[in-house]
Amino acid sequence: MKFTLSWLKEHLDTDETVEKLAEKLTMIGLEVEGLEDKAKQLAPFTIARVISAEQHPNADRLRVCMVDPGNGAAPVQVVCGAPNARAGLISVFSPPGTYIPGKDITLGVGTIRGVESRGMLCSAAELKISEDHDGIMELPADAPIGTPYAAWAGLGDPVFEINLTPNRQDCTGVHGIARDLAAADMGKFKDPAIRPIKGEFPCPVKVKVEDAKLCPGFALRLVRGVKNGPSPQWLQKRLTSIGLRPINALVDITNFMTYDRARPLHVFDAAKVKGDLVVRHGRDGETLLALDGRTYTLDSSMCVIADEHGVESLAGIMGGEASGCSEATTDVLIESALWNEINIAQTGRKLGINSDARYRFERGVDPHFMVPGLEMATKLVMEICGGTASENIVVGNAFGHDRIIDFPITEVKRLAGLEVAFPEIKRILGHLGFMVAGQGATVKVAIPSWRSDVHGKADIVEEIVRIVGVDQVPMTPFERGDAPRKPVLKPMQLRTRRAKRALAARGMVETVTWSFISRPQAELFGGGRPELSLANPIASDLSDMRPSLLPGLIAAVQANSDRGFPDVGLFEVGQIFKGDRPEDQFTAAAGVRHGFASSSGLGRSWSGSATASLFDAKADAFAVLIAAGAPLAALQVVPGGASWMHPGRSGTIQIGPQNVLGHFGELHPRALEKLGADGPMVAFEVILDRIPEAKQRPTRAKPAIELSAFQPVSRDFAFIVDRAVKAADILRAASSVDRKLITGVTVFDVYEGKGIEDGKKSVAIAVTIQPRERTMTDQEIEAVAAKIVAEVGKKTGGVLR
């Protein structure tokens, strides 16, 4: 929502500075996103006169101009390429050091084709006041030389741009913004009564509303004998200051009403309307050539205004070109109506139309202002275009429904912690348009018609607090009491946070992707069940709930690669869906690496490369599981992964065959091809819900790391086992011999070949033995080694090599 300071002052009598107004707007919930002051921006640009304009000696299309900048300064030489540069021209001059907004450059002293240029004669496009860049600006002969151009042209009117929340439909008009500022002591609100325009004759066009749910109220009147043409300067300036293009007086009046009073209107050329108007549902296949020049195909869910010709307007969104007003218009029908907010939003989304009218109607307009808005528009039409007005036709409810809330004064203290006296509460609510009746502990508050977002006591407290100031709410500590504090976060929330931190620490970047994917992608990753299909998808390729996070991550990695960033590692922690029951919905963590985005962080270097491999994906998966509290000793890695993984370059992480936690490895080339992605890529996905809860047992506090004063001992063992034996089984068997003494078991070699029987392999492990109470003797160490050999042989059939 944009408006200027002068426009605001039409409704607010204030002497406050622009900066203070902007600060207060943000404090009361109308966040200022931009503040443009062209007077400051264009301060260095002055009015100057071209003394002479000679042909450039080295360029046919350039002229060497001597420019009088005024104020007694010496003439300045400027090289100019504009075709209209000539002696005697009054234009706009910028000296060296000036920032040129239209070119985004800071001007300096330059030499152009061998001739020095000490400044610039500017076009309107270079000052960003219009799109005219065909030549330098031509000002009237009486424009004062040396005067700042912005001050002379009247550009010293700051433009505010505020970001509105969807509930504040009343502030989609300058009038409503001024009301809020007045309540916040920024000035006095100006709200003169709107006097009805007496109708001179009955309106000849009748109105029929077929469905009151689509159109709760409709007002119409005819103005005969108007003379349409360009709008007066004040109206054109109002519109151009916020980026709107003036069209003609009748259309400009409706645009002005939209931004000034948050009351969209529509005008029909009465000569182009055949018969009476009917507000009805559209018919399947009907079309409308709208005012934006596009033809829209309608259906029965949409609301339209039609006559005997057919559809003349898409209700509450955009009018039709066939009945639009032009300079030839002499009789005009002015329409002011109320529309169903949900229907407006649905129709606008279906047709892809984002108009100013839709923006306001889908948020809800003031029902009480339907007829006064028509009266105000009629007055403007008659003042600017002349004419004689008919009587009003009003169909439906023109006033809306009264809403009264019983409000305990103590609610302000209870909900906000603020002590606000009742007179101040009454003053604030009164300035905002609320009516307060009563003097006791509970008063009755009547809600104004333009505040459809206020429904209960908490909403009233919010209005009081935002005007008093959120910064005035005292900091009040919660009473802790003697009882121990309960955890704020649930176990799954803690797991999610820890998983994200672990992956971010490994150099991956968090991504948030759609929870919906296409049916072929869902089927590729084990989904595609009918119960997980959306009844009304927002797009054809977002039709199914995702059974995995990987399709979205793969698409994001590929998008980065297509834009020149192939070395990327992305992760996501989010919901996946295996079925339509609550227990079939899981929280998963997944990641994809591509190119040189390995966990080592080396990337490309002169000494080699660190291409992402399946071991990076394995390390990512284990980092997540350990951070989320999975029991490391119980984790098993089984060769082979899911169907979308490469069968020889993937693995499955499980705690026994009944509890599969996830998969890791290189993505299958066929899966990548179906997703339109370039491989190779490595990925992992683990389900956080399947991590067993840690047993809660009361224990005495002890150091997190127990340091021993004795030297550890390392022993290597090589076992010959069947080729089918897993290395993890050997590690588990060795570490189970004495969990207090044996602190580490790792595989450092696997060998098959000469000297080893067919069907066998040699697996070498390193075992670290850490004494705790005293230095171990050779006999004690050999006894532990013998136990390791015996236990591995018992569990795996391995024989010491």
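The following legends describe close-up views of a predicted model. Residues are numbered from 1 along each chain as its sequence is written, and side-chain values use heavy atoms, with hydrogens and water left out. Because the model is predicted, local features need pLDDT of at least 70 and side-chain atom pairs count only at pLDDT 80 or more, whereas totals for chains, interfaces and linings use all residues.

**View 1. An open sheet of 3 strands, with helix α2 packed on it.** The strand order is β1-β13-β3 and the pairing is antiparallel, where two strands pair if DSSP finds at least two bridges between them, and where helices (H or I, at least four residues) and strands (E, at least two) are DSSP runs numbered from the N terminus. β1 (2-4) and β3 (31-36) each have a single partner strand and stand at the edges, so one side of each has no neighbour in the sheet. Neighbouring strands here are turned by 25 degrees against each other on average, direction ignored; axes are lines fitted to C-alpha atoms, for helices over the stretch in contact, and angles run from 0 to 180 degrees between N-to-C directions. Helix α2 (residues 18-27) touches β1, β3 and β13, and its direction makes about 155 degrees with that of β3, contact meaning heavy atoms within 4.5 Å. Between β1 and strand β13 (residues 159-163) there are 3 bridges in the antiparallel sense, and Phe3 has Phe160 in β13 as its bridge partner.

**View 2. Strands β4, β5 and β6 and their bridges.** Strand β4 (residues 46-55) pairs with strand β5 (residues 63-68) in the antiparallel sense over 6 bridges, with Arg49 opposite Asp68 in β5. β5 is also joined to strand β6 (residues 76-80) by 5 bridges, again antiparallel, and Val79 in β6 is the bridge partner of Val64.

**View 3. Strand β18 and its pairing with β15 and β21.** Strand β15 (residues 207-209) and strand β18 (residues 277-281) pair in the parallel sense over 3 bridges, Val209 having Val279 as its partner in β18. With strand β21 (residues 303-306), β18 runs antiparallel over 4 bridges, and Val278 stands opposite Ala306 in β21.

**View 4. An open sheet of 7 strands with mixed pairing.** The order is β30-β33-β34-β38-β37-β36-β35, and the edge strands, β30 (509-510) and β35, each pair on one side only. Strand β34 (residues 585-594) and strand β38 (residues 681-687) are antiparallel over 7 bridges, with Ala590 opposite Glu685 in β38. Helix α14 (residues 491-505) packs on the sheet, where it touches β30, β33 (568-577), β34 and β38, and its direction makes about 165 degrees with that of β33. Helix α17 lies across β34, β35, β36, β37 (660-667) and β38, running at about 20 degrees to β38.

**View 5. Val784 in helix α20 and its contacts.** Val784 lies in helix α20 (residues 778-796) and counts as buried at 8% relative accessibility, buried meaning under 20% relative accessible area (1.4 Å probe, protein chains only). Not counting residues up to four places away in sequence, Val784 touches Val737, Leu741, Ile769 and Met776. Val784 and Val311 are 473 residues apart in sequence and 93 Å apart in space, C-alpha to C-alpha.

Key: Buried means under 20% relative accessible area, exposed over 50%, partly exposed in between (1.4 Å probe, protein chains only).
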